[in-house]
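Me: I would like to go through this structure and ask what stands behind each label. Please set each value against its definition.

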Amino acid sequence: MNQTRIYLEQTLSRFTGFLQENVFAEEAAGRSGWLQEMDPRAKLAGFLLIISACSFSHSIITIVSLLIFSFILAAGSNVASLSFLKRVWIFMPLYTSLIAIPALFLTPGEPAGVLPVLNWTITEQGLSSASFLVMRVATSVSFMMLIVLTTRWPVLLKAFRSLGMPHLLVFLLAMTYRYIYVLLQTSNSLYLARKSRRVGPEAWRNSREWLGAISGSLLGKSYSLSSEIYLAMVSRGFRGEPQLLSEFRMKRRDWLWMLLFVFTSLAAIFPRIHK
Amino acid sequence: MHIPDGYLSPASAGTLYALAAPFWYLASRKTQQLLSGKLIPSMALLSAFCFVIQMLNIPLPGGTTGHAIGASLAAIVLSPWPAVLAVSMALVIQALFFGDGGITTIGANCFNMAIIQVFTTFFVYTAISARSLRGKVFAAAVAGYLASNTAALAAGFELGLQPLMASDTSGTPLYSPYPLSVAIPAMVGGHLIAGFAEAVVTGAGIGFLQRSAPELLSGSSSPLLPVFWARLRLIWIVVAGLIILTPLGLLAPGTAWGEWSSEQFRDLGLGFVPRGMQKWESLWSAAFTDYSIPGLGERTGYVVSAFLGVLLILIGFSVLTLLGKRSAKQS
């Protein structure tokens with residue numbers, strides 16, 4: 001396959017993958033389950049606590065227990081399907097494992113074994129260091145994916161707002177998120193147009209120029225679109241102060257969940273505080 | 001270059017949040033001044049642009065493909081402060097909504113890509129940009145390439161410090177396991193090729209805008225600031241050259257005159273060591289004693305130390321200038 005085809009098709013499939021993932025997330029957020037029914041503030045605050053606790057913990061058993069906890073939550077929320085596992089267990093950890101493999105041999109320490117053919121020594125320190133990295137990444141990604149998969153983004157944004165994120169920032173995040181799709185659609189059309197008009201291989205210089213034109217015109221479009229949106233906002237009564245509705249109610253069940261998350265995080269960092 | 005959760009210890013992740021925070025604050029203040037009411041829609045669209053540009057695959061020399069960050073193009077067209085905000089926002093959305101890059105590492109990722117990359121691009125571009133179209137395209141491409149490599153160097157440095165900062169008693173690194181001597185070459189080596197993606201997007205992007213929408217670029221050469229750059233350009237280039245040449249200093253034998261340590265006093269034949277010196281010598285030991293950074297070779301350590309030193313001085317002076325300006329305004 002020549003290079004032109006690779007970059008065009010890779011980008012197009014990236015766009016499709018992105019949209020697909022999003023449709024899947026929307027669908028998963030609509031299912032009924034533990035996390036979907038939980039107050040988003042409890043979920044967000046609780047999970048952020050757990051992710052930080054995972055970062056603070058110096059015990060591999062604790063980190064693995066947190067990972068198992070995330071799997072139980074995923075199962076209870078009906079999202080422990082193949083695509084959740086694929087994302088949590090295949091993409092990120094596999095990538096991290098690839099990064100972690102050299103650490104097995106490079107970290108100085110007590111020898112734990114020898115790689116058969118190459119005769120490289122694996123050290124104990126390398127082994128535990130690599131498992132720390134992979135497990136920590138898997139656990140954090142797992143909790144993050146659970147938030148993303150079980151919360152619709154407008155709700156997630158509202159939760160950020162009620163947890164004290166500045167108004168302006170929340171509004172900006174919301175608008176950015178919305179316009180990512182608009183720009184994505186534009187780029188998708190540009191790429192499809194290019195793909196359908198191209199015959200045979202193309203020189204690197206040409207693709208380079210075309211990509212520059214794409215980047216430049218996307219930037220120009222964003223700029224002019226932002227002026228139009230501003231005018232549209234002003235003509236609809238926008239005075240520079242964004243308004244967001246937030247009407248969450250913590251139920252007793254949500255408080256219990258919150259308690260569980262706080263307890264889990266404290267238990268995870270307890271050995272370090274105790275020391 | 002998006003560092004996920006789990007690679008950085010809480011201490012370094014926290015430090016990088018703290019380093020990024022003043023830039024975010026200043027960026028939001030300056031951008032608000034520049035855009036006033038238009039701030040929200042402009043920043044939203046430009047952040048969305050930075051997000052989407054990272055999804056475009058760029059063919060690279062050697063048959064592979066990579067993607068650009070878009071921070072360099074944004075830095076040149078928007079001027080640095082709004083670019084800091086736009087790129088940061090795109091990185092935050094990637095971390096919060098798509099699980100790309102960690103939550104605890106948002107500070108680190110923004111520091112590398114939204115601050116270091118943006119300002120390096122801006123400084124390099126303003127230093128070498130010419131009037132002609134070709135000169136501008138060339139300057140933009142070079143700025144994009146260098147800036148993405150500088151950001152990778154910063155990421156490598158942050159990752160490489162982890163084994164030193166967080167290892168348990170048996171010597172097991174608890175976070176990213178590679179020392180500086182592995183992390184820096186790995187990150188920088190990868191970006192020597194991947195940096196071309198940034199060069200293509202920035203150079204060709206500026207070329208396109210220059211031909212089709214020059215009005216967008218007209219603001220970019222204006223008061224974007226720092227006088228200390230515009231007027232003293234030559235001096236900074238000389239300083240950069242000197243930093244690169246610092247290892248030459250290692251070739252010179254002996255210790256700089258007047259910088260003897262107490263043992264050297266004895267060796268010099270003085271016969272005694274001044275008592276005050278003995279008393280105070282151990283009071284302060286620098287973070288990087290003798291300009292050597294553990295895990296880096298002597299020469300690389302020297303260059304990195306020089307770079308860090310100049311950076312610290314610059315930051316110090318900028319803070320002083322800002323404070324001075326503020327008190328002048330108040331009075």
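Me: Leaving aside its neighbours within four places in sequence, which residues is G70(B) in contact with, and what makes them contacts?

Reply: They are F49(B), C50(B), I53(B), Q54(B) and V201(B). Two residues are in contact if their C-beta atoms, placed from the backbone, lie within 7 Å. This is a predicted model, in which local features need pLDDT of at least 70 and side-chain atom pairs count only at pLDDT 80 or more, while totals for chains, interfaces and linings use all residues. Residues are numbered from 1 along each chain as its sequence is written, and chains are lettered from A and ligands numbered from 1 in the order in which they are written.

Me: Why is G70(B) called buried?

Reply: A residue is buried if 20 or more other C-beta atoms lie within 10 Å of its own, exposed if 12 or fewer, and partly exposed in between. G70(B) has 31 other C-beta atoms within 10 Å, so it is buried.

Me: Where does G70(B) sit, and how far is A197(B) from it?

Reply: G70(B) is in the loop between β2 (65–66) and α3 (71–78) of chain B. Helices (H or I, at least four residues) and strands (E, at least two) are DSSP runs, numbered from the N terminus. A197(B) is 127 residues away from G70(B) in sequence and 9.5 Å away in space, C-alpha to C-alpha.

Me: What makes a set of residues a nonpolar core, and which ones have the most contacts inside the largest?

Reply: A nonpolar core is a set of buried Ala, Val, Leu, Ile, Met, Phe, Trp, Tyr and Cys residues joined through C-beta atoms within 7 Å. The largest has 153 residues, and those with the most contacts inside it are F49(B), A74(B), V84(B), A86(B), V87(B), I115(B) and V118(B). Beyond four places in sequence, the contacts of A74(B) are L46(B), C50(B), A83(B), A86(B) and V87(B).

Me: How do you know that the span of α6(B) agrees with that of a helix?

Reply: The expected span is 1.5 Å times one less than the number of residues. For the 33 residues of α6(B), 133–165, that gives 48 Å, and the end C-alpha atoms are 47 Å apart, which agrees. Since 25 of those 33 residues are buried, α6(B) is largely enclosed by the rest of the structure.

Me: What are the matching values for α6(A)?

Reply: α6(A) has 27 residues and reaches 39 Å from first to last C-alpha, close to the 39 Å expected. It is mostly covered, with 24 of its 27 residues buried.

Me: What makes β1(A) and β2(A) a pair?

Reply: Two strands pair if DSSP finds at least two bridges between them. β1 (111–114) and β2 (121–123) of chain A have 3 bridges, in the antiparallel sense. V114(A) stands opposite T121(A). The two strands form a hairpin with 6 residues between them, and N119(A) in the turn has a positive phi of about 65°.

Me: How many residues does each chain give to the contact between A and B, and which helix of chain A gives the largest share?

Reply: Chain A gives 69 residues and chain B gives 57. The largest share of the chain A side, 21 residues, comes from α9(A). By class, that side divides into 42 nonpolar, 23 polar and 4 charged. Ala, Val, Leu, Ile, Met, Phe, Trp, Tyr, Cys and Pro count as nonpolar, Asp, Glu, Lys and Arg as charged, and the others, Gly among them, as polar.
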